[in-house]
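Here are my notes on the model, point by point. Please read them with the structure open.

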Amino acid sequence: MSGESDCTRTSPSAGSPSDSELLPDRPKYVCTLSPDLVTKAREELQEKPEWRLRDVQALRDMVCKDYPSLGTCLDDAFLLRFLRARKFDYDRALQLLVNYHTCRRTWPEVFSNLKPSAIKPVLESGFVTVLPHRDPQGRHVVCIRPDRWTPSNYPITENIRAIYLTLEKLIQSEETQVNGIVILADYKGVSLSKASHFGPFVAKKVIGILQDGFPIRIKAVNIINEPRIFKGIFAIIKPFLKEKIANRFFLHGCDLNSLHQNIPPVILPEEYGGTAGKLDITAWNELLLASEEDFLHDFSELVLPCDSSPHDLLVSGDAEEKQCDDSLRGMKPQLYYCY
């Protein structure tokens with residue numbers, strides 16, 4: 001993604017050259033969706049192939065009019081991610097795009113120097129990986145294993161950086177933009193001391209990004225081997241979850257049969273009762289590390305219009321934030337009680 005604002009070059013005035021003449025080097029969009037996925041996108045996302053480029057141009061015009069200093073990429077393929085994530089609702093897609101940049105600006109510990117080589121220790125630990133096979137609905141399965149993290153080695157923000165880059169790589173695929181992803185989180189061996197690193201501040205930031213600041217469709221979150229302490233963890237994050245997302249959480253405990261009802265054994269590794277061999281993190285690590293150039297973007301800070309403020313751009317305002325913080329103060333003891 002280019003960090004340079006293209007708006008001054010994409011909103012020609014009367015009598016000026018056409019957009020294509022101003023930007024001859026803009027990549028021409030070529031749809032890579034199969035006929036079945038084109039149909040799925042039409043039915044589920046309200047994406048009409050005959051109107052696709054018109055919709056992209058409409059979003060591009062809105063960015064240039066309302067946020068000319070956003071510093072975002074305005075290529076067709078990039079903007080399509082946001083339209084698909086919000087079912088081609090222009091206003092919601094624009095809000096998502098602005099949130100995407102605002103999140104980067106407001107959490108420098110995560111977004112500074114964000115590239116695969118910078119999080120290589122996290123990748124080598126096996127904290128996060130992607131299973132080699134998609135599920136029957138065509139969705140990638142992102143496997144997260146908190147027990148692989150040693151807090152004394154690096155802070156929790158490094159894990160978040162690794163997850164974010166994983167999602168950035170996945171969302172490059174149009175198939176993933178349409179089908180979404182599934183998360184498999186294995187909480188085996190997570191202790192109270194390790195769970196304490198995932199406090200209300202981090203929880204709120206991460207959930208804010210995943211729900212309202214990143215163009216990806218999370219279709220299910222499967223939790224396996226969760227200890228009793230997870231009740232406390234979930235109590236911390238639940239106030240921030242939208243009802244639709246909260247209903248996509250499935251707690252399986254140690255019941256692999258329950259897990260297999262959501263993710264078929266044929267794509268799962270042996271560690272989770274599957275038939276796809278041992279869990280191998282090498283292939284995904286090599287793929288992500290080989291994509292270094294994809295992530296060497298200039299993530300410019302979001303420049304807000306003079307009549308806007310950060311809380312206007314993000315979904316939750318000060319009042320809602322205070323309410324959540326107050327509720328969390330009452331919930332925090334549950335973390336220790338459940339343990």
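1. Strand 2 (residues 140-144) pairs with strand 3 in the parallel sense, over five bridges. C143 stands opposite L184 of strand 3. Keep in mind throughout that this is a predicted model.

2. On its other pairing, strand 3 runs parallel to strand 4 (residues 218-224), with six bridges between the two. Here A185 of strand 3 is the residue opposite I223 in strand 4. Strand 4 in turn pairs with strand 5, again in the parallel sense, over three bridges. I223 has L251 as its bridge partner in strand 5. I223 is thus a convenient marker: A185 stands opposite it, and L251 is its bridge partner in strand 5.

3. How are the strands ordered in the sheet as a whole? The sheet is open, has five strands and follows the order 1-2-3-4-5, with mixed pairing. Its edges are strand 1 (128-130) and strand 5 (249-251), each of which pairs on one side only. On average, neighbouring strands are turned by 20 degrees against each other, ignoring direction. As a reminder, strands of a sheet pair through backbone hydrogen bonds, either parallel or antiparallel.

4. Is strand 3 enclosed or open to the outside? Strand 3 (residues 181-186) has six of its six residues buried, so it is largely enclosed by the rest of the structure. I181, I183 and A185 point one way from the strand. V182, L184 and D186 point the other way. Both sets are buried, the acidic residue D186 included.

5. N222 deserves a look. This residue sits in strand 4. Its relative accessibility is 1%, so N222 counts as buried. Leaving out residues up to four places away in sequence, N222 touches V182, I183, L184 and A185, as well as F250, H252, L259, N262 and I263. L184 is 38 residues away from N222 in sequence, yet their C-alpha atoms are 4.8 Å apart in space.

6. Turn next to H260, in helix 15 (residues 256-262). Is H260 buried or exposed? With 19% relative accessibility, H260 counts as buried. The cut-off matters here, because buried means under 20% relative accessible area. Beyond its neighbours within four places in sequence, H260 is in contact with P265, L268, Y272, G273 and G274.

7. Helix 9 (residues 156-170) and helix 12 (residues 200-212) form a contact worth checking. Their axes come within 12 Å and cross at roughly 5 degrees. The two helices are therefore roughly parallel to each other. From helix 9, I156, I160, Y164 and L167 take part; they meet V202, V206, I209 and L210 of helix 12. The residues of this contact divide into eight nonpolar, no polar and no charged.

8. Helix 12 also holds G208. G208 has a relative accessible area of 25%, so this glycine is partly exposed. The C-alpha atoms of G208 and L241 are separated by 8.7 Å, and the two residues are 33 residues apart along the chain.

9. Set against that the pair of helix 4 (residues 52-66) and helix 5 (residues 76-85). They pack at an angle of about 90 degrees, with their axes 9 Å apart. Helix 4 and helix 5 are therefore roughly perpendicular to each other. R52, L53, D55, V56, L59 and R60 of helix 4 meet D76, L79, L80, L83 and R84 of helix 5. This contact divides into six nonpolar residues, no polar ones and five charged ones.

10. Some totals to close. The protein chain contains 18 helices and five strands. Of its 339 residues, 50% count as buried. The accessible surface comes to about 16,000 Å², and 53% of that belongs to carbon and sulfur atoms. Among contacts between residues at least 6 apart in sequence, 77% join residues at least 24 apart.

Conventions: Residues numbered from 1 in each chain as written. Predicted model: local features only at pLDDT ≥ 70, side-chain atom pairs only at ≥ 80, totals over all residues. Heavy atoms only, no water. Helix = DSSP H or I, 4+ residues; strand = E, 2+ residues; numbered from the N terminus. Buried < 20%, exposed > 50% of the residue type's maximum accessible area, 1.4 Å probe, protein only. Contact = heavy atoms within 4.5 Å. Areas by Shrake-Rupley, 256 points an atom, 1.4 Å probe, with all protein chains shown as cover. Axes fitted to C-alpha atoms, helices over the stretch in contact; angles between N-to-C directions. Parallel < 35°, antiparallel > 145°, perpendicular 65-115°, else oblique. Nonpolar A, V, L, I, M, F, W, Y, C, P; charged D, E, K, R; others polar. Pairing = 2+ DSSP bridges.
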